[in-house]
Amino acid sequence: GLPGKEKIDRTLGGGTVFPQQMRAGSTNGLASPSVVLKPQAPVDDAGNRSEVEPWLMRDPVSYSQMRTGVGLKTAIMLLAVQTSILFGFSWTWFMKQRRTENQHVHIQTRALQSSQQTQLQLRDRVSNLSLQLAEGRKVLRAKRDIQKHNFHLKTHRRHILAPYNRVPFRTISRNKPPHWLPGKYGQIHEKTIWSYYYHPTECPTAVNCKLPDYMQLTTETISLNRGSFNFILLHHDHIDWFVHRTELPVHFEMLPLELQSEALMNALLARYGGVALDPSTVLLMPLDAYWHEMIVKRVTFRGYAFRMNGEPWHRPESTVPWFLMARREGIFSSAVRAQVISMGDRKKIYSECNSALGDLIISPILDMYDYNLPRCRDDPTIMANLSCCPDYNHPSWWNDNVGSSLNNTKLLLRDPRDGPLLPFVGLDVELWNTTDSDSKLPHQSAGPGSPLHRQNCTSPSACWQTYVVDRFMRIGTPGEAPLLSFIRITGRQIKAMSKSDILAAKESYFYQWLKMAGYKFSKLKGKR
């Protein structure tokens with residue numbers, strides 16, 4: 001009934017236990033030597049007391065100590081976990097920073113090494129260039145000395161030979177007298193297909209001549225489809241039968257095969273007219289329709305020139321030299337005069353340009369008859385050798401410096417990409433498989449001016465149908481020649497193959513071209 005005891009009971013009834021001070025405490029001045037408080041069950045919200053575990057009722061002091069120990073352990077464990085997490089994060093951040101620093105050091109080390117290596121290379125290159133420059137100066141001085149010495153020798157030799165060399169014309173013309181005309185002049189029909197081939201060891205003369213295997217096949221297609229034309233494959237030892245040596249460059253014998261062929265075709269078309277056709281051409285059908293269209297339209301020259309269809313061309317060239325059709329004594333008389341004057345005593349001319357005696361001679365003449373022809377120099381897609389454009393090889397006639405264009409000759413020009421020149425130049429298309437619809441085309445630039453610009457096929461089989469069969473079968477406008485009557489060989493692989501290997505690829509473009517041309521394969525088997 002003491003007030004202090006009631007206070008203690010109420011406190012314990014609320015669920016709070018005071019372990020030590022309850023055992024030896026005093027209340028209101030009354031001594032209590034040994035008071036042990038008995039824990040009571042806590043009261044819930046409804047006023048009911050819940051059961052208390054028996055061991056807790058027996059030893060409240062142990063219970064209190066246990067709860068204190070559990071709390072301490074929990075605090076220690078939480079502290080340990082927090083410390084571990086903090087240590088883990090710290091270690092991760094430290095390693096990341098260290099790795100980043102190592103990477104920076106490595107990058108800087110590599111950059112320094114690369115810079116040092118570049119400096120060493122530049123030093124070596126500068127030293128090599130200095131040595132080459134010094135050697136070049138020595139060679140240049142030696143060349144000048146040789147040229148000077150050669151000039152004195154020529155002057156001395158001419159002075160010695162002056163009393164004897166009284167007929168320089170006969171010397172140039174190979175001892176031909178004045179008013180001499182080639183033996184075949186006046187005997188060759190104007191409708192003649194001209195081709196020329198020469199090799200110093202494989203084909204020096206007409207009798208001792210072995211054509212490359214692929215060319216044997218192409219020339220047979222020309223002979224087979226010549227139609228009403230004659231076909232003359234001219235050899236080196238027969239040149240004097242057809243042209244005068246004064247119509248050819250002075251150093252004709254020293255020119256490469258390409259320039260020899262171009263100069264000779266100019267002279268032949270000037271005298272006889274006809275068709276100049278490269279022997280590396282598969283003739284699919286006769287050229288009578290081409291000639292007939294030229295005669296009906298009263299045209300003097302027919303050929304192919306790039307940019308005639310409005311599309312740019314990335315190479316510095318205009319008129320193609322591998323197909324030229326002309327009437328006799330026409331514009332090629334000017335070409336003969338131009339090629340002799342352009343070469344002079346030189347043994348080389350425009351060595352960095354293609355068709356130096358073809359395009360560079362013919363295109364300036366064509367410009368005199370039509371000032372509106374597309375100009376090579378105005379093509380923005382030409383990235384190199386712009387000086388090789390034939391426009392730079394003659395005066396600018398179109399500026400009316402000498403008057404209006406000539407009207408005594410008509411021209412018939414078309415773009416070769418619309419006909420015999422397939423858009424796969426230099427990709428060895430001759431060996432593509434006509435039935436292959438799975439392979440992809442070789443990767444090439446297809447920008448404006450490139451051969452593959454605007455091509456719309458994705459496999460060899462699709463390209464065969466689009467650019468060969470469709471063009472070959474297409475019926476043109478009445479009065480115009482077919483689009484595809486011949487195809488020029490431009491690949492390199494086929495030129496190194498034997499005839500048996502070429503004919504073994506029966507699904508190749510080239511084999512199918514031979515079939516389209518009517519080539520008789522049984523005749524070849526009989527010869528074997």
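Reader: How much of the 528-residue protein chain counts as buried?
Author: This is a predicted model, where local features need pLDDT of at least 70, side-chain atom pairs count only at 80 or more, and totals for chains, interfaces and linings use all residues. Numbering runs from 1 along each chain as its sequence is written, and side-chain values use heavy atoms, leaving out hydrogens and water. With buried meaning under 20% relative accessible area (1.4 Å probe, protein chains only), the share of the 528 residues is 36%.

Reader: Among contacts between residues at least 6 apart in sequence, what percentage join residues at least 24 apart?
Author: Contact here is heavy atoms within 4.5 Å. The chain carries 14 helices and eight strands (DSSP runs: H or I, at least four residues; E, at least two; numbered from the N terminus). Of its contacts between residues at least 6 apart, the portion joining residues at least 24 apart is 75%.

Reader: D367 is buried, so which side chain of opposite charge is nearest, given the signs (Lys and Arg positive, Asp and Glu negative; His and chain ends not counted)?
Author: D367 sits in helix α10, residues 359-369. Despite being buried, D367 has no salt bridge (a Lys or Arg side-chain nitrogen within 4 Å of an Asp or Glu carboxyl oxygen). At 6.4 Å, the nearest side chain of opposite charge is R375.

Reader: And which residues does D367 touch, once those up to four places away in sequence are set aside?
Author: We're still in helix α10 here. Not counting residues up to four places away, D367 touches L373, D391, H394, W397 and W398.

How values were computed
Buried means under 20% relative accessible area, exposed over 50%, partly exposed in between (1.4 Å probe, protein chains only). Lys and Arg count as positive and Asp and Glu as negative; His and the chain ends are not counted.
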